[in-house]
Each structure stands twice: as structure tokens, then as C-alpha cells.
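The following note sets out some points on the model for a colleague's consideration. It takes up a pocket and then the aromatic contacts.

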Amino acid sequence: MRQRFPILSLILLPALAVLGLARAAPMAGALPVIPATQGHYLVGCGGCHGIQGRSGREVVPDLAGQVGYFLCTPEGRDYLVRLPNVAFANLSSEDLARMMNFVVFTFGGASVPANSRPYTTAEIAALRANPLRVADLHSYRAQIVRAVTRACPAAAGLHGYDVAQAAREGQ
């Protein structure tokens with residue numbers, strides 16, 4: 001009996017190890033690697049704004065091809081960070097700056113005005129200290145969008161969300 005256990009273990013343990021490695025290898029190669037900044041976006045924003053910033057703009061504003069227009073005015077730039085879901089994100093100001101730059105400069109594409117500067121950690125920290133505290137966020141957004149559109153007429157498409165929202169509210 002004592003001799004069978006060592007012989008059995010010499011056969012069984014390597015076989016189990018090989019089977020375990022065979023299962024682990026394909027999984028390790030099949031899993032996508034998502035950079036932390038994109039992961040932060042997906043977890044905090046992607047559920048509503050879509051994986052690639054496309055959300056069905058009548059319900060939630062699209063980011064793709066549009067979010068950069070908010071940089072046309074200082075108030076629009078600030079607005080993006082002061083939104084409650086952004087300002088209160090469970091991220092450091094450094095990570096939030098990276099995420100906002102990813103969102104604006106990647107998803108924004110051609111909507112980003114020439115010479116726009118990236119958000120800094122200090123700017124994000126200051127804006128987060130003063131989050132939006134307005135009772136009617138939709139009206140405030142419409143006001144910001146009107147100013148952005150005056151500064152960048154190509155931003156007129158931003159009104160699509162506001163018009164749909166007003167129709168839902170019966171205004």
C-alpha cells in the first residue's frame with residue numbers, strides 16, 4: 001500500500017498539472033487587456049454613454065463626435081467635470097483627469113477645437129470641489145449648449161438630446 005501512493009502520485013500529479021496548464025493557457029491569451037483609463041470609463045460611464053461613446057442620444061447624450069465641442073467655452077469645459085456623476089467619481093483627480101482626456105480627445109474626435117489643452121490634475125481637483133448643484137440639470141445643460149453653439153456653430157447637433165428631453169417632459 002505504501003508503494004502505490006508514491007507511484008500513483010508520480011503519475012497523477014504531473015497529469016493534473018498538465019491539465020491545469022492546458023486550461024489556463026487559452027484563457028490567459030483570450031482575455032483582452034484594457035488600459036486602466038478605458039476601464040475607468042467603462043465602469044463609470046460606459047453603461048449609459050456606450051462602450052464607444054454612442055448611446056442613443058435622445059435618452060443619454062452621445063459623446064462620440066460631440067463631447068469635444070464643450071471645450072469651445074470655459075463654462076462648457078467646466079460643465080463636463082462638474083456633472084455630479086463625474087465630480088463624485090470614485091477616482092483620484094489624477095485618474096479622473098486621464099479619463100476625461102480620454103473621453104474628450106478620443107471620443108470627441110473632430111469636435112475638439114484646435115489648440116484645446118488637456119485637463120490637468122489640479123484643474124480637475126478644483127472643479128470637483130465645486131460640483132453642479134442645480135435643481136434642473138437639463139435646463140442648465142441646455143443653457144451651456146446654447147453658449148457652446150454660439151462659440152462653435154458646428155456644435156448644433158448637441159441640441160438633439162435637449163430637444164428630445166424637452167419633448168419627454170412635455171415642454
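How do the residues of the lining of the largest pocket divide into nonpolar, polar and charged?

1. The model is a predicted one. In it, the lining of the largest pocket comprises 22 nonpolar, eight polar and two charged residues.

2. The volume of this largest pocket is about 740 Å³. Its lining is made up of 32 residues, and those nearest the centre of the pocket are C45, H49, L83, N85 and V86.

3. Several helices contribute to the lining of the largest pocket: α2, α3 (74-82), α4 (84-87), α5 and α7 (137-151) supply at least two residues each. The largest share, nine residues, is that of α2.

4. Turning to the aromatic residues, the model holds five aromatic pairs. One of them is formed by Y41 and F107, whose ring centres are 5.0 Å apart; the planes meet at 70°, so this pair is classed as edge-to-face, the cut-off for that class being over 60 degrees. The pair joins distant parts of the chain, since Y41 belongs to helix α2 (residues 36-49) and F107 to helix α5 (residues 93-107), with their positions 66 residues apart.

5. Both Y41 and F107 are buried. Through ring pairs, these two residues and F102 are linked into a cluster.

6. A contact between a charge and a ring should also be noted: R77 lies over the face of Y119, at a distance of 4.3 Å from the ring centre.

Conventions. Residues numbered from 1 in each chain as written. Predicted model: local features only at pLDDT ≥ 70, side-chain atom pairs only at ≥ 80, totals over all residues. Heavy atoms only, no water. Phe/Tyr/Trp six-rings, centres within 6.5 Å; stacked < 30°, edge-to-face > 60°. Helix = DSSP H or I, 4+ residues; strand = E, 2+ residues; numbered from the N terminus. Buried < 20%, exposed > 50% of the residue type's maximum accessible area, 1.4 Å probe, protein only. Lys NZ or Arg CZ within 6 Å of the ring centre and 35° of its normal. 1 Å grid on protein atoms, 1.4 Å probe; cavity = no way out; pocket = protein on both sides within 12 Å on 5 of 7 lines; lining within 4 Å. Points joined across faces, edges and corners; volume = space filled by probe spheres on them. Nonpolar A, V, L, I, M, F, W, Y, C, P; charged D, E, K, R; others polar.
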